[in-house]
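Trainee: I have a model open and would like to talk through one of its helices and its aromatic rings. Could you take me through them?

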Amino acid sequence: MTDIPDASSRFQDSLPVSSDALMQQLTDWGIAFSRHDHIPLRTVEESKTVQDMFLPTEAGGGHIKNLYLRDNKKRNVLLVAEQDQQIDLKTLNKTLGTGRLSFGSAERLMEHLGVRPGAVTPLAMINGAQTGVQLFMDAGLRDCAQIYPHPLVNDRTLGMTIPALEAFFERTGVTPTWVTL
């Protein structure tokens, strides 16, 4: 009996870009990060159980949630917001300037961002840049001293500064749209 792949690093070699390869690319580009290994995290609630290893929100820690969405015109969207930000999908399209939005399927997520549910991350734009995914970032995150994205798997988290994350976007040819949610 074979294991069904989940979003952990155990199955990273089945991704278009492995977590290890991503971290090596960041290192090769001179983009600083810290790595933290933990149990697999699939939700914000689960993430909160390990946040004591990171900078708290009050001290500038950017704890995020990532939504892979698709509009009614079949455009793919990645929204990165502060973990506790309330998001109304019925009105979000007006803020983002898209068609009506809904969650993308696991199959489309893998096809367009190269990750599984539970590991959605702005770092998946290493794949999304080539597939035309539009990236929207919560403008409030710009004030964070550190931001904490997954490196394509959900049992690792990287600590990065916003300038480091922006350097990654520049290297991958991604221009995020910063929005006020």
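Trainee: Which residues of α4 are exposed, on the side away from its buried residues?
Mentor: Keep in mind that this is a predicted model. The buried residues of α4, a helix spanning residues 106–113, are Leu109, His112 and Leu113. Seen down the helix axis, these fall within an arc of 85°, so they line one face of α4. On the other side, the exposed residues are Glu107 and Glu111.

Trainee: Nice. Why would Glu107 and Glu111 share a side?
Mentor: Helix geometry helps here. An α-helix has 3.6 residues a turn, so residues three or four places apart point the same way. The side in question lies opposite the buried residues of α4, and its exposed residues are Glu107 and Glu111.

Trainee: What do the buried residues of α4 pack against?
Mentor: The residues doing the packing are Leu109, His112 and Leu113. Their partners are two strands and a helix: β3 (64–71), β4 (76–82) and α5 (125–131).

Trainee: On to the rings: how many residues apart in sequence are the parts that the Phe54–Tyr148 pair ties together?
Mentor: This pair is tilted, with 4.6 Å centre to centre and 40° between the planes. Phe54 lies in the loop between α2 and β2, and Tyr148 in the loop between β7 and β8, so the parts tied together are apart in sequence by 94 residues.

Trainee: Which residues do ring pairs link into a cluster?
Mentor: Start with Phe168 and Phe169, a tilted pair at 5.8 Å centre to centre. Phe168 is buried at 0% relative accessible area, and Phe169 is buried at 1%. The cluster linked by ring pairs consists of Phe168, Phe169 and Trp29.

Conventions:
Residues are numbered from 1 along each chain as its sequence is written. This is a predicted model: local features need pLDDT of at least 70, side-chain atom pairs count only at pLDDT 80 or more; totals for chains, interfaces and linings use all residues. Side-chain values use heavy atoms; hydrogens and water are left out. Buried means under 20% relative accessible area, exposed over 50%, partly exposed in between (1.4 Å probe, protein chains only). Helices (H or I, at least four residues) and strands (E, at least two) are DSSP runs, numbered from the N terminus. The arc is that of the directions from the helix axis to the C-beta atoms. Contact means heavy atoms within 4.5 Å. Rings of Phe, Tyr and Trp (its six-membered ring) pair if their centres lie within 6.5 Å; planes under 30 degrees apart count as stacked, over 60 as edge-to-face and the rest as tilted.
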